[in-house]
Amino acid sequence: MKNIFTLIEHRRGEIRNISFELLTKARELSEKTGGKVTALLLGHQTQTFINEIKSSAHRIIVIEDEKLKDFNSEYYKTVLSNILTTEKPFLTLIGHTAFGIDIAPALGSKLNIPVSTDCIGIEIDNNVVATRQMYGGKLNATINFKDSSQFLLTIRQGAFTVSETNLSTEVTNIPSPLKEDLAEIKFLEYIEAATGGVDITKANIVIGIGRGVKEQENLKIIEDFAQAIGGVVGCSRPVADSGWLPKDRQVGSSGKTIKPKLYIAMGISGASQHISGMKGSETIIAINKDPNAPIFNEANYGIVDDLFKVIPALKKKIEELKQ
């Protein structure tokens, strides 16, 4: 039986959304492997987390230890290597986050199992086949592994859409193998990155702007429209690199991954790097003069026209509907 394990990532008392994405993909793959999905939960006072992921996996393995309250790669490597050696899952999925980037290569090296990072697709035949981007997202590469009994992948945030399920879940508590503190690495404090007052990852409506905005002075038109619709303004990399908006507004593989209810792309051509950061949006509307712009391949609705003609008409209609 080819079982699939996923690592539940949590930070400051909250499970990160990547964990639910991994569980969704793991359930999909388990239908092909005939195996079960197991969620690995490392932490301290984890009952709230257990309640959140219960029914999302066939089994939850819980390791309770105060040393695991905050992420420490050495502690995680010790605990996970013990579990994976004992349980021998066919496939283990970890988010391609700061956590995953830190732990996965070291874990793969310690266990001597194949690892592929920053994957955006997974297929299982007799073996695991992963898809990841290369050359700055210009090319998708298929990764075929040599025969192995175990595989480890890190998955890009936003690569898979979350879906709910209602599985019957077994909770297994395993004693922590951690016996002493590590003098080399210690968690001191968590410092939240400055967001400049706007957090695009928490907004329900995001207006994304690209080169089509033409110049910084035109931002006022976009910001007025965003205010009228109740949204915030994000951007593609060229806009952030030009200094028109702060870096924390950038959407894409080198910026933020967002999943708003509505994403309106204005003057954005749709490079793969940008698409990877917003394709999880519930509804995508694209406005671009170029009918062949790649952004239209991702959009639910598209408008082929000059955005400076479209915005006033949209804003007027929104204001009429509010009356």
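Ala, Val, Leu, Ile, Met, Phe, Trp, Tyr, Cys and Pro count here as nonpolar, Asp, Glu, Lys and Arg as charged, and the others, Gly among them, as polar. By that division, the lining of the second largest pocket in this predicted model has six nonpolar, seven polar and seven charged residues. The pocket holds about 480 Å³ of space. Its lining comprises 20 residues, and Arg-12, Lys-69, Asp-70, Phe-71 and Phe-187 are the ones nearest the centre. Two or more lining residues come from each of β2 (10-11), α2 (47-53) and α4 (98-111).

Of these elements, α4 also leads to the sheet, since α4 lies across β6, β7 and β10. The direction of α4 is at about 165° to that of β10.

The sheet itself is open and has nine strands, in the order β9-β8-β7-β10-β6-β1-β4-β5-β11, with mixed pairing. At its edges stand β9 (139-144) and β11 (170-173); each has a single partner strand, so one side of each has no neighbour in the sheet. On average, neighbouring strands are turned by 35° against each other, direction ignored.

Within the sheet, β6 (residues 91-95) and β10 (residues 151-155) run parallel and are joined by five bridges. One residue pair can be named: Thr-92 has Leu-152 in β10 as its bridge partner. A further helix, α1 (residues 17-33), packs on the sheet and touches β1 (2-7), β4 (34-43), β6, β7 (115-124) and β10. The direction of α1 makes about 155° with that of β4. The strands β6, β7 and β10 thus recur: α1 touches them, and α4 lies across them.

Conventions
Residues numbered from 1 in each chain as written. Predicted model: local features only at pLDDT ≥ 70, side-chain atom pairs only at ≥ 80, totals over all residues. Heavy atoms only, no water. 1 Å grid on protein atoms, 1.4 Å probe; cavity = no way out; pocket = protein on both sides within 12 Å on 5 of 7 lines; lining within 4 Å. Points joined across faces, edges and corners; volume = space filled by probe spheres on them. Helix = DSSP H or I, 4+ residues; strand = E, 2+ residues; numbered from the N terminus. Pairing = 2+ DSSP bridges. Axes fitted to C-alpha atoms, helices over the stretch in contact; angles between N-to-C directions. Contact = heavy atoms within 4.5 Å.
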